[in-house]
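The exercises below go through the cysteines, the helix packing and the nonpolar cores of one model. Please keep the sequence and the 3D view open while working through the solutions.

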Amino acid sequence: MSAPAVCSLTVAPGATAVTEVGTSRVHEASATVLLGRCRDRVRPALVEAVGRLHPWTGEMAAYALGWADATGKPDPGGSEGKGVRQTLAVLGAEAVGADGAVAVPGAVAVELVHTFSLLHDDIMDADGLRRQRPAVWKAYGTGPGVLAGDALLAQAVTILAEAPGHHTATAVRHLCSTLNALVSGQAEDLRFEDRPWRGPGAVEPEQYRSMAEQKTGALLGCALALGAILGGAPDRTVTTLDRAGRHLGLAFQAVDDILGIWGDPRATGKPVHADLRQGKKTFPVLIALAGGGEAAHELAVLLDSVERIDGETAEYAAELVEEAGGRTGTRREARRHLDAAHRTLREASLIHPAAQELDVLFTHLLDRTW
């Protein structure tokens with residue numbers, strides 16, 4: 001498959017990239033083309049990597065990636081996601097002046113790690129849907145779902161370890177460090193489930209932020225860093241890009257949490273108020289509870305009084321979260337970290353046009369509805 005020509009993006013250096021949802025049509029169109037270009041560049045290597053798996057785990061991987069249905073047949077209606085992490089890896093290399101092709105093994109690795117994490121997260125969270133289809137564990141069984149995730153993780157490390165060039169060992173070490181962060185973040189997320197909504201032991205927004213940086217931010221930072229490492233960038237640049245990606249990840253998580261309560265099921269693939277129904281401790285709820293006031297008190301009483309929120313109760317809880325400032329506060333959280341991601345990106349002093357493309361992509365991820 002040949003990659004399309006590089007898209008031309010026009011973003012003035014130093015210009016602010018924070019916009020309201022729906023007001024940046026140029027950025028939206030540019031980011032969509034950019035994501036498509038990088039996906040097309042990585043896709044052949046990703047297909048090859050999945051093809052090297054055991055036929056059964058490979059079939060489940062193809063299902064998870066949206067390429068096939070649960071019988072292993074091609075599924076034209078399946079969603080393979082936006083390819084954000086693989087795009088960050090390719091742009092990370094291009095932004096330091098290298099050919100994006102050198103980052104393809106890193107892009108494949110982070111995409112496989114991301115897919116592995118989704119398979120295992122869905123099992124741990126008992127989420128039955130993923131991208132508007134039954135999750136892998138629902139379609140194939142819990143044991144097979146765990147195995148498929150394991151296979152993807154092993155293949156991710158293998159693909160990166162086989163990358164040509166002088167920077168492979170550094171790239172593998174960086175990925176392994178990120179994997180440890182992912183596990184730590186997931187461990188904290190699971191432990192949060194047993195902690196109270198308020199009072200001693202309650203989860204504070206700062207604690208949730210720390211967890212999200214490890215669980216979400218670390219892999220986005222890793223994607224950028226791997227591209228830069230494989231592109232031969234100096235350590236300082238790699239560290240700066242990793243930090244920019246971590247800020248982007250926190251903004252990404254904040255938007256995810258907004259969509260987890262108020263998102264359109266047709267775009268998110270999950271029921272409205274899904275996170276509230278599952279009792280998840282997310283930015284909007286924690287910010288609302290920390291704000292005080294009557295709505296926050298009513299929300300705390302409601303959360304303490306029921307084991308599971310559904311139907312009209314979920315709708316009422318969402319109203320209380322919004323009234324207590326949870327939605328607005330989470331939007332501010334996303335903007336704050338997006339601005340930090342832009343500032344950090346500028347600190348890297350990158351002059352390649354791909355740095356401007358990253359700027360556009362960062363903003364697109366704040367304005368997303370999926």
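**Exercise 1. Find out whether C176 is buried, partly exposed or exposed, and whether it is in a disulfide.**

Solution. C176 has a relative accessibility of 33% and therefore counts as partly exposed, where buried means under 20% relative accessible area, exposed over 50%, and partly exposed in between (1.4 Å probe, protein chains only). This is a predicted model, in which local features need pLDDT of at least 70 and side-chain atom pairs count only at pLDDT 80 or more, while totals for chains, interfaces and linings use all residues. Residues are numbered from 1 along each chain as its sequence is written, and side-chain values use heavy atoms, with hydrogens and water left out.

The next step is the disulfide, which is a pair of cysteine sulfur atoms within 2.5 Å. The structure holds zero disulfides; for C176, the nearest cysteine sulfur is that of C222, 9.5 Å away. C222, in turn, is buried, with a relative accessible area of 0%.

**Exercise 2. Describe how helix α4 and helix α7 pack, and name the residues that make the contact.**

Solution. Helices are DSSP runs (H or I, at least four residues), numbered from the N terminus. Helix α4 covers residues 104–125 and helix α7 residues 168–192, and the two pack at an angle of about 20° with their axes 12 Å apart; the axes are lines fitted to C-alpha atoms over the stretch in contact, and angles run from 0 to 180 degrees between N-to-C directions. The two helices are therefore roughly parallel to each other, a label given to angles under 35 degrees.

The contact (heavy atoms within 4.5 Å) is made by A109, V113, D121, M124 and D125 of α4, and by L175, L179, L182, Q186 and L190 of α7.

**Exercise 3. Work out which residues have the most contacts inside the largest nonpolar core, and which helix gives the largest share of this core.**

Solution. A nonpolar core is a set of buried Ala, Val, Leu, Ile, Met, Phe, Trp, Tyr and Cys residues joined through side-chain atoms within 4.5 Å. The largest one has 83 residues, and those with the most contacts inside it are L88, V108, L112, V113, L160, L358 and F362. Its largest share, 12 residues, comes from helix α8 (residues 205–230).

Leaving aside its neighbours within four places in sequence, V113 is in contact with L153, A156, L175, L179, L182 and L219. A second, separate core of 21 residues includes W197, L289, A295 and L302.

Technical notes
Parallel < 35°, antiparallel > 145°, perpendicular 65-115°, else oblique.
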